[in-house]
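Trainee: I have a structure open and would like to practise reading it with you. Could we go through it step by step?

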Amino acid sequence: MIASPPPTRRRRVAATLALLQWVAGLACIAVAWWHSGGQGSPERPILEDSGGWLVGAAVLLGTLPISVIAAVAEARRDRQERLIASLEDAAGSERRLETPNEVGEELGPVVDSIRRLETAWFDRLARLEVRLEEQGGLLEALGSGLISLDRDQRVRSMNGAAAALLCLERDAAPGRLLQEIVRSAPLHRLLGRATTGAEPRPEEFALSIAGREVMVQATCSRVGAEGGSDRGGLLLLLTDVTRLRRLESLRSDFAANVSHELRTPITNIKGYVETLLEVGLDDQEQGRRFLDIVRRNADRLAAIIEDLLTLAQLEGPEARQRLEPATTDASRLVEAVVESLLPAAEARGITLDRRDVRSVRTTVNAALVEQALANLVSNAIKYSPEGSTVRLSTSSTADGGVRFCVRDEGPGIPAEHHERLFERFYRVDRARSRDRGGTGLGLSIVKHIAAVHDGRVEVESAPGAGSEFRLILPARPGLGEEVSERGRTGTTTT
Amino acid sequence: MPVDLHAELLQVRRELLAMGALVEERVAEVIAAMAKLDVAAAARIRDGDSDIDRMEVQIEQECIRLLALAQPVAGDLRAILTVLRVNGEIERIADLAKGIAKRVIRLGTEQLIEIPPLVVEMGGHARRMLSEVLSALADQDPARCRDLTPLEEQVDALQKAVVRWVRDEVTRHPDLASAVIDVLTIAQRLERLADIVTNIAEDVVFLVEGRLVRHGGI
């Protein structure tokens, strides 16, 4: 392409040429006039010697159209150039085209076509932007972490879930190697396999992130076309399955626990019944003792099954709808529980101290709350030394709810058990608690009763210092605070 | 064929970090196996050393090729030199882990003594040091290496305590001498591991600041 001289210089050259033409024409006329002596004379009239005049006039007339044509062409070229300049300007700035004031007849249709093309492109761009925004929204809404890597395995971008999973500042990651931000041999192997174009296959492994172990399911696939350094790369999908795996292990633990807990009394019953069948009923004293053991084990079996059914009902999705809360007085609930458990307490010489039981209005399912309180109080009675005192109290909470406290003078519970205390069949001391006739489900039921009321249970206990269990319920189910883990020493909220 | 120095440097760096992660995992496993005298886990570590050796050789070859073909200078040269050095150090850590695994297998099979808590604590410190230095390498942040000094001092102090324990134990139970010496060897390997970690920390300082800090404070 030959570079054309700048328009101003070209215009100057054209103007100079036109001027020269005119000067030449005028010079011809002047010479002719001078030759004729300035005026016509009788012997040499001007007309006779009009050669110079004619030449001058011819030059003037002849060059006039050329000058006119040159000027028109120049103006056209000028408009063309201004149009090109504004097109370049628009291309560089992503702004819409600003056409010069006049484009002339011949460029008018071109400009119109360009405008139509531009409108079409801008529409397309707007649609693409909407799509992009939509897809960005989708990726953000994805619960799994998604990381896009370039060919060198440098992070191109990631969604919020990925940043949260990897405990990263989202803006700090792009441009860094994935190996720099996550140190995990299985993950690096997965990336290595994906770069070879292997079929993506989900893998599960533990990632150690900021000092905690996270189980992730990771899939890595190669994306984009070959060639072009900024296209293509890897797409890494990370799903946090820690909770899922924990739930699965809880479930299988639960199944194992249930069968174990049910099998123990059944084995006992079978054993004693078989012995009775073998030795006969001649020894009445022994027979009575054996049957008593059989009855106790059958009671235990019945208690476990009943507790399991209660739990199943409390856990069901419709437990909240069936709650049917009614307004009642917290002190009356405590009285009802005390009435039923007084014989058990008296048998062990334990005083149930109710001095701090205040009257608090509350809207709950009375039967369920009574059951929860009964579980807490009977635990306190079971684990307290003979002749000690179990203190019961009620008070209202800052947000209008009610707090029931059951405090015993028992051996206390070491802090490491607090968190798991409310799990089904969890026992601090396996041998001892079964001796005392617990099903291992009592506190779990309390936790679930609190949960259906949107309340919570807390425990504060230390070895040698007794235990205090607190059942905290909102003024009305549905008003409860979010269940929060509180970091207070010796206190666990569930 | 022209060498794309930048892309290839990225590649060796990636491989080095991946190897670091793998060795860190091995060290964590061997220390867990040691605390429980888990023979099966230790045997897995003893037998799984070949992939690390292969990675080491590959990284070294690539570095030498880059040095020869691309003739890097300044920062790039430092980067390659660091990769070369750290590569060797990490491989030695893997060897130490393998050595510990062998002793753990023997101790676990004999079941004569348990690993004393002193050595388990040493293991925990060594593991943390390795993890810190690999983070420093990944982030190219020498400031992270400064936390290593107190840990290394603790490892040294624990090593001395282990030596005292060994001396007492051998006089008290001469019949257990061989097992006690195995424990001592494990402690020595852990101490060596901590030493190598500080070498890597020095390499990180060299990489970022261009200063050689061998045999001195970081």
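Trainee: Is A:S148 buried or exposed?
Mentor: Good place to begin, and keep in mind that this is a predicted model. A:S148 is found in strand 1 (residues 145-149) of chain A. A residue counts as buried when its relative accessible area is under 20%. A:S148 has 16% relative accessibility, so the word for A:S148 is buried.

Trainee: Which residues does A:S148 touch, not counting residues up to four places away in sequence?
Mentor: Some of them follow A:S148 in the numbering, namely A:R154, A:V155, A:R156 and A:S157. The list is completed by two leucines, A:L234 and A:L235.

Trainee: What percentage of contacts in chain A between residues at least 6 apart in sequence join residues at least 24 apart?
Mentor: Let's set the scene with the chain itself: chain A holds 13 helices and 13 strands. Of its 494 residues, 36% are buried. Among contacts between residues at least 6 apart in sequence, the share joining residues at least 24 apart is 62%.

Trainee: How far apart are the centres of domain 2 and domain 3 of chain A?
Mentor: First, find the parts: the domain assignment gives domain 1 (7-102), domain 2 (142-224 + 231-240), domain 3 (247-315) and domain 4 (322-493). Domain 2 is written as two stretches, 142-224 and 231-240. Taken over C-alpha atoms, the centres of domain 2 and domain 3 of chain A are separated by 51 Å.

Trainee: Which residue forms a salt bridge with A:D78?
Mentor: Look along helix 2 (residues 51-93) of chain A, about one turn of the helix away from A:D78. An α-helix has 3.6 residues a turn, so residues three or four places apart point the same way. A:D78 is buried because its relative accessible area is 19%, while its partner counts as partly exposed at 40%. The side chains meet at 3.7 Å, N to O, and the partner is A:R82.

Trainee: How far apart are the closest N and O atoms of A:E423 and A:R420?
Mentor: These two form another salt bridge. A:E423 is partly exposed at 25% relative accessibility, and A:R420 is partly exposed at 38%. Their closest N and O atoms are apart by 3.0 Å.

Trainee: How many residues does helix 7 of chain B give to the largest nonpolar core?
Mentor: That core has 75 residues, and B:I93, B:I186 and B:L190 touch the most other members. The elements giving two or more residues to this core are helix 1, helix 2, helix 3 (50-70), helix 4, helix 5 (117-139), helix 6 (148-172) and helix 7 (177-209) of chain B. Helix 7 of chain B supplies the largest share, and its number of residues is 15.

Trainee: Which helices do the buried residues of helix 2 of chain B pack against?
Mentor: Helix 2 of chain B runs over residues 39-47, and B:A41, B:A42, B:A43 and B:I45 are buried there. At its N-terminal end, B:D38 acts as a cap, with a side-chain oxygen 3.2 Å from the backbone nitrogen of B:A40. The buried residues of helix 2 pack against helix 1 (5-36) and helix 4 (74-110) of chain B.

Trainee: How much area do chain B and chain A bury between them?
Mentor: The contact takes 15 residues from chain B and 14 residues from chain A. The size of an interface is often given as the accessible area lost when the parts come together. Here 53% of the buried area is on carbon and sulfur atoms, and the total is about 1200 Å².

Trainee: Which residue of chain A forms a salt bridge with B:R13?
Mentor: Across the interface of chain B and chain A there are three salt bridges. In the one with B:R13, the closest N and O atoms are 2.7 Å apart. The residue of chain A is A:E180.

Trainee: Which residue forms a salt bridge with B:E132 at 3.9 Å, N to O?
Mentor: B:E132 lies in helix 5 of chain B and its partner in the loop between helix 5 and helix 6, so the pair ties together parts that are 12 residues apart in sequence. Both belong to a network of salt bridges that also links A:R176, A:E180, B:R13 and B:D139. The partner counts as partly exposed at 27% relative accessibility. Its name is B:R144.

Methods: Residues are numbered from 1 along each chain as its sequence is written. Chains are lettered from A and ligands numbered from 1 in the order in which they are written. This is a predicted model: local features need pLDDT of at least 70, side-chain atom pairs count only at pLDDT 80 or more; totals for chains, interfaces and linings use all residues. Side-chain values use heavy atoms; hydrogens and water are left out. Domain bounds come from an automatic or database domain assignment. Buried means under 20% relative accessible area, exposed over 50%, partly exposed in between (1.4 Å probe, protein chains only). Helices (H or I, at least four residues) and strands (E, at least two) are DSSP runs, numbered from the N terminus. Contact means heavy atoms within 4.5 Å. A polar contact is a pair of N or O atoms within 3.5 Å; within protein, one must be able to donate a hydrogen and the other to accept it, and residues adjacent in sequence count only if both atoms are side-chain atoms. A nonpolar core is a set of buried Ala, Val, Leu, Ile, Met, Phe, Trp, Tyr and Cys residues joined through side-chain atoms within 4.5 Å. Buried area is the accessible area (1.4 Å probe) that two parts lose on being put together, summed over both. A salt bridge is a side-chain nitrogen of Lys or Arg within 4 Å of a carboxyl oxygen of Asp or Glu.
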